[in-house]
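Open your viewer, switch on side chains, and follow along stop by stop. We will go looking for aromatic residues and the company they keep.

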Amino acid sequence: MKLFQQLLVAPAALGLLASGANAAELNINGVSDYAASADQVTSVTQFSDVYPTDWAYQALANLVETYGCVAGYPNGSFRGNRAMTRYEAAALLNACLDRVTEVTDELRRLLKEFETELAILKGRVDGLEARVGELEATQFSTTTKLKAKTVWVAGATRAKGDNYNTGGEKGARDAYNAEYGAFSFSYDLRLGLKTSFTGKDLLYTRLRAGNMDNAAWEGNGVALNKLDTAAASDSAVEVDRLYYRFPLGDSFTIQAGPLTRNTEMMGYKASAYAKGGSKILDFFGGSLGTPGVWNKEMGAGFGAIYTNKKQVEKGDAYFTVAANYVADDGEGNNSNPNTGGFMTDNSQGNITTQIAYGNKQWGFAGGYRYGQCGAKFRTATEFAKSDKFGTPCTVEVNGEDERTNADSHSWSFHGFWRPEESGWMPSISAGVGASYLNGNDDWDDNTTKRAMASWMVGLTWNDVFMEGNALGYAVGQPQFVFDVDNDSNDDFVADGGYAMELWYSFQVTDNIQITPAIYWLSRPFGDDTQNVNGDYKSLGVFGGLVQTTFKF
């Protein structure tokens, strides 16, 4: 950089040379004195007539002390206010060229000394350029990147408790173990294609395959067995995400597509649970303990997210407001207005909103979801998932199916806090929610209203025993029915039970993570668990598994 700056002095000096006075006006003796003293000044303070208050003081100081290109007169003055003659300009230029010559000679010496190393570096650069050219010529796309993950799950579940009679050949416990108690080894694979045309937008396509459709991990046996990583699949590769996202100004983001998910358009997730670890049960990891709002509905939809994150200082808390609409997959792409459609009365649509405030260390969020009849509630007790407590779209009236005005209203509240540094203090995440279902007068003997609730608390310790490893524990009550508005059922008993999980993640490499985990569901059948004259039976499900995650 110094050599470059010094070279810039030459044209400047030549300009001065061209604009100076003519030879008839020269004071030859003064010029001789100026040239003779060229090496005598090493600091601007040596000039008797230059002061820190002068407008060019700093520039002169840099020329004298950094570049050594400026000299004064023998009497110690600089005479900054007098005109410069052509001879004086020549003397200044000569001094600067001497400095450039010194630097040039030093450069030649260094180039000679490191000639071999420079040749090797040049060869490597040429090789890299060739490889880059080859990659550009053979790459899949100049705008698309692949980000993939596969999860392997090995383990089993086992029912524990009373083996009460359900009318079959086997009791409830033995029947579950006979059908869902075997050890299994299954997988889930996700291939995400991220395409950007401007560097700020995103066209997201995800291919997915797996074989958990017959395993307990897909929610078979009891819905609460469902793992966060599980998805119904028969090993066939299918597209399960297809949407486009783009910014609108500095504060808004728009997302729309034929296969999008409402919970992926929230803008902010007020939870630190399993961050740095591996999610296990869907109730804790995917639904955040509130499946009424965080029901992970997927289908055709659109949404908008507002945030003032860019308007606040880095690390400060900011607001996020989101709203979206998603019609259930299989309904939004149905052209028959009587059985489906997009934004129609039969769409099984979801309108989900959330307002959040926080940053990466702490935050709070309140959410609401309106669901048309048929809209899903994600994981819940078997009693809460039964048709009696769903939102059916049709009822039989005078021998014909008619559309009901059934719908649902759900709300949630979440909060989390995490320590600034890893240690004995864990991050704490909590969520609570409720759902209210409304029917019509023709539905289920005037049983027109139901209420369900859920909650969870999750703890995560990061860098446990080794850096990158994590330990997690969560407890809560999955969605259960706690109230029914029906005059004929005043003695209704809440069907709530408890769920808990414990896991430890080993970060083997940056791309491989192994997580052994156990969980317990105390009353997964809810009020469907047998009750004979007040004798409440107990039947729970224990699960143990090893989950291995590969990211590439």
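A residue counts as partly exposed when its relative accessible area falls between the buried range, under 20%, and the exposed range, over 50%. Keep in mind that this is a predicted model.

Start by selecting Tyr436, which sits in strand β13. Its relative accessibility is 37%, so Tyr436 counts as partly exposed.

Now add Phe364, Tyr368, Trp411, Phe413, Val432 and Phe482 to the selection: with Tyr436 they make up a nonpolar patch on the surface, and together the patch has about 640 Å² of accessible area. Colour β9 (362-372), β12 (407-417) and β13 (427-438) next, as these are the elements that contribute two or more residues to the nonpolar patch.

Stay with Phe364 and Phe413 for a moment, then select Phe319, Tyr357 and Trp362 too: ring pairs join these five residues into a cluster.

How many aromatic pairs does the structure hold? There are 20. For one of them, pick Phe252 and Tyr306: the ring centres are 5.2 Å apart and the planes meet at 50 degrees, so this pair is tilted. Phe252 belongs to strand β5 (residues 252-261) and Tyr306 to strand β6 (residues 298-307), so the pair ties together parts 54 residues apart in sequence. Phe252 is partly exposed at 40%, and Tyr306 is partly exposed at 30%.

Last stop: Trp455 and Tyr498, an edge-to-face aromatic pair with 6.5 Å centre to centre and 75 degrees between the planes. Trp455 is in strand β14 (residues 449-462), while Tyr498 is in the loop between β15 (470-485) and β16 (499-507), 43 residues apart.

Technical notes: Residues are numbered from 1 along each chain as its sequence is written. This is a predicted model: local features need pLDDT of at least 70, side-chain atom pairs count only at pLDDT 80 or more; totals for chains, interfaces and linings use all residues. Side-chain values use heavy atoms; hydrogens and water are left out. Patches are made of residues with over 30% relative accessible area and no salt bridge: like charges are joined within 9 Å, nonpolar side chains (Val, Leu, Ile, Met, Phe, Trp, Tyr) within 5 Å. Accessible areas come from the Shrake-Rupley method with a 1.4 Å probe; for residues, only the protein chains shown count as cover. A salt bridge is a side-chain nitrogen of Lys or Arg within 4 Å of a carboxyl oxygen of Asp or Glu. Helices (H or I, at least four residues) and strands (E, at least two) are DSSP runs, numbered from the N terminus. Buried means under 20% relative accessible area, exposed over 50%, partly exposed in between (1.4 Å probe, protein chains only). Rings of Phe, Tyr and Trp (its six-membered ring) pair if their centres lie within 6.5 Å; planes under 30 degrees apart count as stacked, over 60 as edge-to-face and the rest as tilted.
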